[in-house]
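Colleague: Before I use this model, I would like the labels justified. Please set each value against its cut-off.

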Amino acid sequence: MRPTVVAVVVLAGGGVFFSLVAAVGVLRLPDVYARAHATSKSDTMGTGLALAAVAVVLDSGVARFKLALLVVFVLLTNPVAAHAITRAAHVQGIAAWEREDDG
């Protein structure tokens, strides 16, 4: 296999993995605060890796520049959106999940 094909497979596979981790985090974690943390970190990484895989495939410099702008946009907006969601939950008075004592 050519090195570009290997790079695309590795980057796309990493993107799928981190996006899957974010999806599992949304389904399995107990409250809005933990879910926002899981999605903001994992989804940002998954999207960045997927866009990097597309950038490796494309030959155009303009298209790669646009993809780089998309990665910067995602890096800036995903954590801000997660913060806004958790802040809104805190203002609404939604309590964080706490473990109950078994004893």
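The questions below take the helices, the burial labels, the aromatic pair and a surface patch in turn.

Modeller: This is a predicted model, in which local features need pLDDT of at least 70, side-chain atom pairs count only at pLDDT 80 or more, and totals for chains, interfaces and linings use all residues. Residues are numbered from 1 along each chain as its sequence is written, and side-chain values use heavy atoms, with hydrogens and water left out.

Colleague: How do you know that the span of H2 agrees with its 26 residues?

Modeller: Helices are DSSP runs of H or I with at least four residues, numbered from the N terminus. The expected span is 1.5 Å times one less than the number of residues. For the 26 residues of H2 that gives 38 Å, and the end C-alpha atoms are 37 Å apart, so the two agree. Helix H1, residues 3-28, also has 26 residues and reaches 37 Å, close to the expected 38 Å.

Colleague: Why is Ala55 called buried or exposed?

Modeller: Buried means under 20% relative accessible area, exposed over 50%, and partly exposed in between (1.4 Å probe, protein chains only). Ala55 has 18% relative accessibility, so Ala55 counts as buried. Ala55 is found in helix H2, whose buried residues also include Leu49 and Leu51.

Colleague: What covers the buried residues of H2?

Modeller: The cover includes H1 and helix H3 (61-91). With contact meaning heavy atoms within 4.5 Å, Ala55 touches Arg64 and Leu67, not counting residues up to four places away in sequence. The C-alpha atoms of Ala55 and Val8 are separated by 8.9 Å, at 47 residues apart along the chain. On the H1 side, Gly14, Gly15, Ala22 and Gly25 are buried, and the buried residues of H1 pack against H2.

Colleague: Why is Val5 called partly exposed?

Modeller: Val5 has 33% relative accessibility, and therefore counts as partly exposed. Val5 sits in helix H1. With Met1, Val6, Val9 and Val10, Val5 makes a nonpolar surface patch of about 490 Å².

Colleague: What makes the pair of Phe17 and Phe18 edge-to-face?

Modeller: Rings of Phe, Tyr and Trp (its six-membered ring) pair if their centres lie within 6.5 Å; planes under 30 degrees apart count as stacked, over 60 as edge-to-face and the rest as tilted. The structure holds one aromatic pair. Phe17 and Phe18 are 5.3 Å apart centre to centre, with 75 degrees between the planes, and form an edge-to-face pair. Phe18 has a relative accessible area of 26%, so Phe18 is partly exposed.

Key:
Helices (H or I, at least four residues) and strands (E, at least two) are DSSP runs, numbered from the N terminus. Patches are made of residues with over 30% relative accessible area and no salt bridge: like charges are joined within 9 Å, nonpolar side chains (Val, Leu, Ile, Met, Phe, Trp, Tyr) within 5 Å. Accessible areas come from the Shrake-Rupley method with a 1.4 Å probe; for residues, only the protein chains shown count as cover. A salt bridge is a side-chain nitrogen of Lys or Arg within 4 Å of a carboxyl oxygen of Asp or Glu.
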